[in-house]
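Student: Please take me through one part of this model in detail, starting with a sheet and its strand pairing. After that, carry on to whatever else can be said about the fold.

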Amino acid sequence: MATTASRSQQIIEQAQRYIPGGVSSANRLVEPNLVFTRAQGAYIFDAEGKRYIDYHAAFGPPLLGHCHPEVQQRAAEAMASIDVIGVGSSELEAQLAQKICEHVPSAEKVLFCNSGSEATYAALRLARAVTGRQKIIKFQGCYHGWHDAVLMNVISPADKVGQRDPLSAGMLPQAIENTLVLPFNDLDSVRQVLEEQGSEISAIILELIPHNIGTVLPHLEFVQGLRDLSSRYNVVLIFDEVVTGFRHGLGGYQAVLGVTPDLTTMAKSIANGFPLAALAGRADLLDHCKPGGDVFFAGTFNAHPASVAASLAVIDILERPESYATLFDLGKRMRDGLRAIIQRYGINATVAGFGSVFLLYFMESPIEKYEDLLRNDVEKFVAYRRALIKRGIYELPVNLKRNHISLSHTVADIDESLEAADAVLQELGSHHH
């Protein structure tokens, strides 16, 4: 007799019937294809009720933990008294903009939208408008969203490195041709391009830490060099802090480095899971976007009261002195623990990360640019994560993806995760001895 399909299977079948591939974002379909029906704090639960310690964290938003009571309460309170009005200024939005300007070094003014892709799109349009130029520079391995100008050269196959590698059909050839892709941490290549065609380049955009390929830390002299060259050639310097913004400090990673861009994009963890993004930066640039200015910026759901209230709650919590201390201590505990395990079993691996972000590359260092990551043992990387998932530790089983710790994770969660990692790595290690 046929067994009835599990609840997960029923959900997957319904989703796949009515949604292409069963998911609304291309990165969500992975193997194992699990269905999560509940999230709380550091944990997510599948349709069968199994608990996982969540380090995928939706690519980064729930910095404080899933369904955080203070955040949910503030959002609910806002929604009880106001929803989308769509005309005039709003009190919550003004308060949030002021907070961001107080904390983020580059922020003199702020505009709100809903996703990182919208923010980077607006940033590049603004850069083209103020410079009157069309070309942009991006770096191999950095992801800036789904639009034509930037959707290329992220996790590229080896044979596509050094040439343009668009990630979708239907992108405008003119947009692709106007994007120059250079190696990360390579200031000479940037200098050379600017010497040859500086008068045609409107913007340099980079993930300050390319977290879309795990964690590749920027050299300070590279970032400072980009700042100096941008100023010299009147190019707009854009730091994409969609992942790093608030996660690595209320001032973003730019405050850690002490280098200030012209424009900054933020999203993901600034509202702990509510859809909110920000374009912040120099007032003289952002003023082009005001009503009647020459750059159009609009959106019905921009600065949605629920998201804005959530973000204000997040800032309140992150302003408490113990918050970042706790988060960074947990990250250090995880990375130190992983280092001890790979040494114990003599595994060819490197622990990377910063603050609350961590991951294990199955390769030796150095790791300074995307090209280095072509040495990563993809099969081992994915096998390791699938084995962890079986043990109730959820790290996205996709090559080079980073992991995130939240303020809801505890020392006990980290230690449970390290025990699982130890068991899995011991098995992986024994295969090659």
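Tutor: In this predicted model, strands E12 and E14 run antiparallel and are joined by 2 bridges. In one of the pairings, Phe358 has Asn403 in E14 as its bridge partner. The two strands belong to an open sheet of 3 strands, ordered E11-E12-E14, with antiparallel pairing. Strand E11 (350-354) and strand E14 (403-404) are at the edges; each has a single partner strand, so one side of each has no neighbour in the sheet.

Two helices pack on this sheet. Helix H11 (residues 321-345) touches E11 and E12, and its direction makes about 175° with that of E11. H12 touches E12 and E14, and its direction makes about 125° with that of E12.

The connections around the sheet hold two residues to look at. Asn348 sits in the loop between H11 and E11. At 44% relative accessibility, Asn348 is classed as partly exposed. Leaving aside residues up to four places away in sequence, Asn348 touches Tyr361, Phe362, Met363 and Glu364. Asn348 and Asp377 are 29 residues apart in sequence, and their C-alpha atoms are 9.5 Å apart in space. The second residue is Pro366, in the loop between strand E12 (357-361) and helix H12 (378-390). The peptide bond leading into Pro366 from Ser365 is cis, with omega near 10°.

Tyr361 also appears in the largest nonpolar core, which has 63 residues; Ile137, Phe139, Ile204, Leu206, Tyr361, Tyr384 and Leu425 are the members that touch the most others. The element giving the most to this core is helix H13 (residues 411-431), with 7 residues. A second, separate core has 29 residues, including Phe246, Ala278, Leu312 and Ile315.

Ile204, from the 63-residue core, can be followed further. Not counting residues up to four places away in sequence, the contacts of Ile204 are Ile137, Phe139, Val190, Leu194, Leu226, Ser230, Val235, Val236, Leu237 and Ile238. Of these, Val190 and Leu194 also take part in the contact between H6 and H7, as does Leu226. The axes of H6 and helix H7 (residues 220-233) come within 10 Å and cross at roughly 10°. H6 is therefore roughly parallel to H7. On the H6 side the contact is made by Leu187, Val190, Arg191, Leu194 and Glu195; on the H7 side it is made by Glu221, Phe222, Gly225, Leu226, Leu229 and Tyr233.

Just ahead of H6 in the chain is a loop with a backbone feature. Asn185 lies in the loop between strand E6 (179-182) and helix H6 (187-197). Phi of Asn185 is near 65°, a positive value in a residue that is not glycine. With 14% relative accessibility, Asn185 counts as buried.

Ile238, another contact of Ile204, leads on to a further set of strands. The bridge partner of Ile238 in E9 is Leu263. Strand E8 (residues 236-240) and E9 run parallel, with 3 bridges between them. Between these strands the chain passes through helix H8 (residues 252-257), in a β-α-β crossover that is right-handed. E9 is also joined to strand E10 (residues 277-281), by 4 bridges, and these two run antiparallel. Here Thr264 has Ala280 in E10 as its bridge partner.

In a regular strand, side chains alternate between the two faces of the sheet. In strand E9 (residues 263-266) both faces are covered: Leu263 and Thr265 point to one side, Thr264 and Met266 to the other, and all four are buried.

Two loops remain, in the earlier part of the chain. Pro32 lies in the loop between helix H1 (7-18) and strand E1 (36-40). The peptide bond from Glu31 to Pro32 is cis, with omega near 0°. Ala58 is in the loop between strand E3 (51-54) and helix H2 (69-81). Ala58 is not a glycine, yet its phi is positive, near 55°. Ala58 counts as partly exposed, at 43% relative accessibility.

Terms used: Residues are numbered from 1 along each chain as its sequence is written. This is a predicted model: local features need pLDDT of at least 70, side-chain atom pairs count only at pLDDT 80 or more; totals for chains, interfaces and linings use all residues. Side-chain values use heavy atoms; hydrogens and water are left out. A nonpolar core is a set of buried Ala, Val, Leu, Ile, Met, Phe, Trp, Tyr and Cys residues joined through side-chain atoms within 4.5 Å. Buried means under 20% relative accessible area, exposed over 50%, partly exposed in between (1.4 Å probe, protein chains only). Contact means heavy atoms within 4.5 Å. Two strands pair if DSSP finds at least two bridges between them. A crossover is right-handed if, with the strands pointing away from the viewer, the path from the first strand over the helix to the second runs clockwise. Axes are lines fitted to C-alpha atoms, for helices over the stretch in contact, and angles run from 0 to 180 degrees between N-to-C directions. Angles under 35 degrees count as roughly parallel, over 145 as roughly antiparallel, 65 to 115 as roughly perpendicular and the rest as oblique.
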